[in-house]
Amino acid sequence: MLVTATELDTVGFGVFVKNVGRRAGLDEVLRLVDAVHHQGDSINRSLVAAMVVDGLCREGRIEDAWRALEDMRLRGWKPDFVAYRIVSEGFRIAERADEEGKILKQKRKLGIAPRKVDYTELLLALVSNRQISEAKEMAEAIVSGNFPIDDDVLNVLVCSVSEIDADAAIMFCKFMIGQGRLPSTEVLVQLCESLCKNKKGDEMWEMFKVLLDRGCWTSEKDYHLVVSFLGKAGKVREAYDVIKEIKRKRLDPGISSYNSLMVTLCRNDLLRPAKKLWDEMFTSGCSPNLQTYNILITKFAEIGETGEVQQLFDHMLQKGVAPDGATYTSVITMLCQENKYEQAEEIFNKSVVQDPKLASSVLTVLILALCKQGSFKAALSVMFSVPSNIESSNSHVILLKFLTDAEEIEMALEHIKWIKRCCSSTFQGIMNELMASLSTSASLQPVTKLVRYLHSQGLVDEVGPWMKMIENVYA
């Protein structure tokens, strides 16, 4: 049945018998090998022999593995140098030098030379079939024995294996470096992501040191990768040392590296070193960009350092760096939390001058921040003075929803009348959005009062569902 039911291939049969050997031992493996002896040429028997002895050795069955070399050879499944090396290594680890020596002699006399192309096809097929653990184990045998393997295969292995075994992925990476070759940038990025995820910052730093000591990396992009991942792994001192080393070599770390380190310092509340790094940037002739300002402004706003935030905001304007939505959000939210509403409105007015589209989103931030503080009068004052070229519908809806939830119905009704009088072209759209937003209100009573008024004045087209619900509740 095994022979006739399906066509076997090297990957499928090899993985199967390797696992059988690990669980049941050599005798069951030989029974299966005998069963498929006449299967044809679709199975690479030398590769399967290597997989079998690898599995046996990993389970500590080194005597079985040694016997498998001879038993499989006699059956025509000729073990190659890789298989003999796997078994000799098993005895070396067990500190059985005599047996190790005998196996190495057998390797020279009986083993056949491995074909790189066969192992390449095997490893790629294992990865393709998501047999990552199997691919890792066979690659370890190849790499530890210093057998030839292509860079493309190693790149694939590093990416795939890093998902399940970061240490093995590092080993493959170091093997490449030791051979005077480099993994691709994409591969290193994926490996570093995995190392950060698995909290292996020390191992990542050791790998980086090898690359840096060998002079493999010299570009700004390369250094940015090192500094950013060291920062992500929490290796602040090491990241800072890399920047100092770059400067000692009279190279330019680049703004990206400075920003990566700045993010790390701020994330770890190391504000004094962050300020020192800020000063060093100017000393080195590296001008901060928008990201630099946003990193610091966001952090200082988070801890309520109003003076620092204001200085940074003014500084970026003086340097011609235009704030973006993130900048305005941090500054305005902080000012409103500290009840500095006039200053917050002044910041908003700067966005109006800068860009009407940006100002529309900043207006939403300002109104939301004011409403959260319960400063409805200040919010109304802002809305009354918004220039006509600034889209404000969403901000009106936010303000009206907050007024309703706060049971400030009279203020809400007055503002609705103002919108109808001064913003007639957008009035109906605002009302429709308001009605939709009221479904999330915590209390029905203020909503009822508002809806009844809107209905009585004919200010909304469709309130059927609301009126029906109100009638049911108050029936």
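1. Start with E407, which sits in the loop between α24 (393–405) and α25 (409–422). Although E407 is not a glycine, its phi is positive, at about 60°. The side of the story to add is accessibility: E407 is exposed, with a relative accessible area of 53%. Bear in mind throughout that this is a predicted model.

2. R130 tells a similar kind of tale. Here too we have a residue other than glycine with a positive phi, near 60°. R130 belongs to the loop between α8 (116–128) and α9 (132–144). Its relative accessible area is 51%, and R130 therefore counts as exposed, the cut-off being over 50%.

3. Now a loop residue with the opposite label. L438 is found between α26 (424–437) and α27 (444–456). Buried or exposed, then, is L438? L438 is buried, at a relative accessible area of 1%. For a sense of what sits across from L438, take V397: the two are 41 residues apart along the chain, and their C-alpha atoms are separated by 9.9 Å.

4. On the cysteines, the disulfide count is zero. C159 is in none, and the nearest cysteine sulfur, which belongs to C173, is 10 Å away. A disulfide would need the two sulfur atoms within 2.5 Å. C159 has 17% relative accessibility, so it counts as buried, the limit being under 20%.

5. C423 is worth a look as well. It takes part in no disulfide, and its nearest cysteine sulfur, that of C422, lies 6.0 Å away. C423 is buried too, with a relative accessible area of 16%.

6. Stepping back to the whole chain, the secondary structure consists of 28 helices and zero strands. What about the overall dimensions? The radius of gyration is 35 Å, whereas a compact globule of 475 residues would have one near 23 Å. Along the principal axes, the C-alpha atoms fill a box of roughly 100 × 70 × 30 Å.

7. Packing next. Of the chain's 475 residues, 50% count as buried. Take the contacts between residues at least 6 apart in sequence: 64% of these join residues at least 24 apart.

8. Last, the surface and the charges. The chain has an accessible surface of about 23100 Å², and carbon and sulfur atoms account for 49% of that. There are 57 positive and 64 negative charges, and the mean positions of the two sets are 4 Å apart.

Key: Residues are numbered from 1 along each chain as its sequence is written. This is a predicted model: local features need pLDDT of at least 70, side-chain atom pairs count only at pLDDT 80 or more; totals for chains, interfaces and linings use all residues. Side-chain values use heavy atoms; hydrogens and water are left out. Helices (H or I, at least four residues) and strands (E, at least two) are DSSP runs, numbered from the N terminus. The radius of gyration is taken over C-alpha atoms; the globule rule is 2.2 Å times the number of residues to the power 0.38. Buried means under 20% relative accessible area, exposed over 50%, partly exposed in between (1.4 Å probe, protein chains only). Contact means heavy atoms within 4.5 Å. Accessible areas come from the Shrake-Rupley method with a 1.4 Å probe; for residues, only the protein chains shown count as cover. Lys and Arg count as positive and Asp and Glu as negative; His and the chain ends are not counted. The place of a charge is taken as NZ of Lys, CZ of Arg, CG of Asp or CD of Glu.
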